[in-house]
Amino acid sequence: MKAATLSDYLNQVSLLRLIAVLALVLVVHLPSLPTWEAVLVVAGLGWRLLIALRQWQLPPAWLRTSIAVLSLVGIYASYGRIHGQVPGIALLMIMSVLKLLEMRSRRDVMVTVFLMYFILLTHFLNSQEIWTAGYLLVCASAITALLIDVNHPGEALPLKKILASGSKMVAISLPVTLLFFLLFPRIPGPLWGIPSDAGASLTGMSNEMAPGDISNLIMSDRHAFSVKFFDREPPPRERYWRGPVFDSFDGRAWKSSGISQRVQTPDVELLPPAVRYEIIVEPHRGPWMFALDIPDPATRPDKSFIASEYQLMKGRDVITRELHVLISHPNHILQKELPDLTRRVNLSLPRDFNPRTVALARQLQAEHATPEAIVQATLRMFRQEPFVYTLQPPPLGRNSVDDFLFKTRRGFCEHYSSAFTFLMRAAGIPTRVVTGYQGGERNELGDFFRVTDADAHAWSEVWLEGKGWVRVDPTAAVAPNRIELGLSEAMQDSGELPSFLQRGGLNWIRDNLTTQWDWMNTQWNRWVLAYGPEVQMDLMRRIGIEDWRGMIIALTVSASLILGIIGLLLLRQFTPARNQEVAVRLWAQLQKRLLRAGIAQRPAEGAGSFADRVALETPELGDAVRRAATIYQQLRYLEGATPALQEELARAIKAIRS
Amino acid sequence: MTHAIQPALDALNQIILGKHNQIRLATACLLARGHLLIEDIPGMGKTTLALSLAKVLGLGFQRVQFTSDLLPADIIGVSIYEPQAAGFRFHPGPIFSQLVLADEVNRASPKTQSALLEAMEERQVTAEGETRPLPEPFFVIATQNPANQIGTFPLPESQLDRFLMRISMGYPAAEAEKALLLERERRDLLAEVQPAVSPQQLLELQTQVKAVRVMPALVDYILALVRHTRDHSGLRQGLSPRAALALKRAAQAWALLAGRQGVLPEDVQAVFAAVVNHRLIAASEREGGAPNADDILARVAIP
């Protein structure tokens, strides 16, 4: 007996479709794979395609095993491990292609198809954007269509037909998907233990600031967060989004001294007006949650805290998108009384750095009586001396502040805030560096602000007697447009901007599309991705569900209902179509009338025979029923339906007095 | 139209007493261009029915008594050498008449039976390489004796299918039998019968049968009946599409006889037993398991 071959289960056309769908499912992962693996995956698909087209032999077992072992080694070499999210996906990809190369039984085909569904899920680990969802739906339809095809013996089904059926099945499953989305209890934090390397590729604010850090950051077009103001929209000069605050300088980089762990949260006097807004923070590396200077501690979200420099923080990195409603007070007095430790930290400078700056500070101290006057004099210096705001500052030496203030005089915000902070400290004024974002681009369509890494900014805060910490932005003195109009306006003519920030040419079309796309994305984030445990609980409470128990009951009941309805709808296909003929409906009325008189028409009894029997058994009804029967016969069997006859039948039936 | 056939029906009813339904079915069968199989014991008036149909409808009539030594040529005809013409001349057999009575068709050998049945189906005869059409209308009434089956060749199921209807005469009612005995001999009566319908009118009526309306609702009913037989465990096989067509055609003829321009479910029910009973094959030899036509009619609801 001839051994069963693949072609017994899967015809050529279906096999080609299977390869195509697998390619569709794998293609999105390709860019994130190491080059050798991407090449191997493509080659494997191509090889299988050639085997199918040229009727070649499948590779022998020893070859497949060697490839598998080598790939394992390769993945270990590339990632340093073979477990975890990223290497796991890489392994899955290579194994799915190898499975294709050893596919000879029906079971292999099924395994491959179901593997595709699984691979599809892994896309969500990398991206949860709108297009991912769309792509997932398309792929799910394609895989389902394939599943239908491979389960159909004999000739391949027409492509259009299986695609239609596949899409239909996916569409039918959507209500259940939606239900599970809404009602399946959301557990705070990752439910299935998203591997610790999730979000490894994220960028964002870092926990130190060295010259060049922020100008690098703005080169990425990463979306940092979106904000929607509820009532009052603060002007640009108030839109400072507070992020990491640095109080320790080592001569090159600004860092956090770590005193925040030891010092209690400072007192703050919040002054009107209050600004209420909704913020959706994108995942990034770091525990900062960004809030408008400065947030009302009463409105801080669960599991967040206010650090001693008044940043809004989370206990761990923000690796999922989060939606919060916050209230901030642009007018405030922060830390009227400065604790000794804080004062000391914010005055400390590394020894033997920047002697010329220290000398300048001494001179300022001698010339001006009050700290305010020193601050103003310094800002005046920035404004009047030939300082240049640029993305491409020249490199600085060991005494970076000296070099900047007296030689190059070209710098980006981090240079200005760093130099300013150093100078103030040298002049005896407690000062610190604050990083975060400034400004944001308004999306007219959705009435929200989109803040990207291009809006990253650094400024300073000086502590003044009686006023507490006061924000001073030296960049504003050099390049007021940066604050009022944003980076792209301020730097438009410099030729230094990354291409996505440049204007002109066809860019207005792009800008327009970008606006719409941003708006859609924000809606998606707002309604889909930000739907976390808090939002879910809130929604559930509004419809009267108090706890998980209620949620699970609601989920079970609604899921059963939906499945029941879908089942009934499917069942209807197999029952004969309901006869909606008017004559039949009217005749049913007659049957009902006569039934009240105890006369029932037998199912196999024609209308005429029935009328004859009625005439025999109940002569007083005979004529009327006969008349109705005659019209009924006319309608159904002799002449066909006409409105006149239908009316006549209705009248004839009404005439029957039972 | 109806009136055209009514005198014929009346005349037939005068000769064959108390058999209104059989006469009507036989006439409907003829109008539907189908052949009729009468199954009954001898002496029940089978021949009389055939003869009177021929007479009343003005058809040329031939009777063939089927015996075991009957040869196909005895029915179809044979070419005989004629010295005067110095050649063979075809002498048409009894099949070349408008109404053929094949008496005791199951007595003849299968070969002869199939010669008859082929002619019935194709309405033409091929003898000695020449195809000769049979007259129009062409109508075969075959009789079968169900009781005395010794030395017979029962018609195979596939050939029974060629008959549109199978009926049996049954004993006459008491009244009718009394009249039969009191009155004149039927045969004498028959000699005096005049055709009530011209061959032209008959052909026209046959054409009209096809024009009788069949609405989708009725087709649904026919299909429901047919499907019921196909799903029935007591039957070896259900009714074929040809049977469904036969049912439709017979019901059309029946409706025409009733003077309707469309077919009612009642028309289908009226012809159902005659059309279907000889086509149903029980799954087992045991009686009782298989439904007969009436069982089926009672079970299937009119849609």
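How many residues does helix H7 of chain A have, and what distance does it reach from its first C-alpha to its last? In this predicted model, helix H7 of chain A runs over residues 130-150, which gives it 21 residues, and it reaches 30 Å between those two end atoms, close to the 30 Å expected at 1.5 Å a residue. Of the 21 residues of H7(A), 16 are buried, so the helix is largely enclosed by the rest of the structure.

Chain A as a whole is divided into domain 1 (6-183), domain 2 (208-501), domain 3 (542-574) and domain 4 (582-654). Taken over C-alpha atoms, the centres of domain 3 of chain A and domain 4 of chain A are separated by 44 Å.

In chain B, the eye can be led to an open sheet of five strands, which pair in the parallel sense and follow the order S2-S5-S8-S1-S9. Strand S2 (61-65) and strand S9 (163-167) of chain B are its edge strands, each of them pairing on one side only. On average, and with direction ignored, neighbouring strands of this sheet are turned by 20° against each other.

Within the sheet, strand S5 (residues 99-103) and strand S8 (residues 139-144) of chain B are joined over four bridges in the parallel sense, and B:Val100 has B:Val140 in S8(B) as its bridge partner. Helix H3 (residues 46-56) of chain B packs on this sheet, where it touches strand S1 (35-39) as well as S2, S5 and S8 of chain B, and the direction of helix H3 makes about 170° with that of S5(B).

Terms used: Residues are numbered from 1 along each chain as its sequence is written. Chains are lettered from A and ligands numbered from 1 in the order in which they are written. This is a predicted model: local features need pLDDT of at least 70, side-chain atom pairs count only at pLDDT 80 or more; totals for chains, interfaces and linings use all residues. Side-chain values use heavy atoms; hydrogens and water are left out. Two strands pair if DSSP finds at least two bridges between them. Axes are lines fitted to C-alpha atoms, for helices over the stretch in contact, and angles run from 0 to 180 degrees between N-to-C directions. Contact means heavy atoms within 4.5 Å. Domain bounds come from an automatic or database domain assignment. The expected span of a helix is 1.5 Å times one less than its number of residues. Buried means under 20% relative accessible area, exposed over 50%, partly exposed in between (1.4 Å probe, protein chains only).
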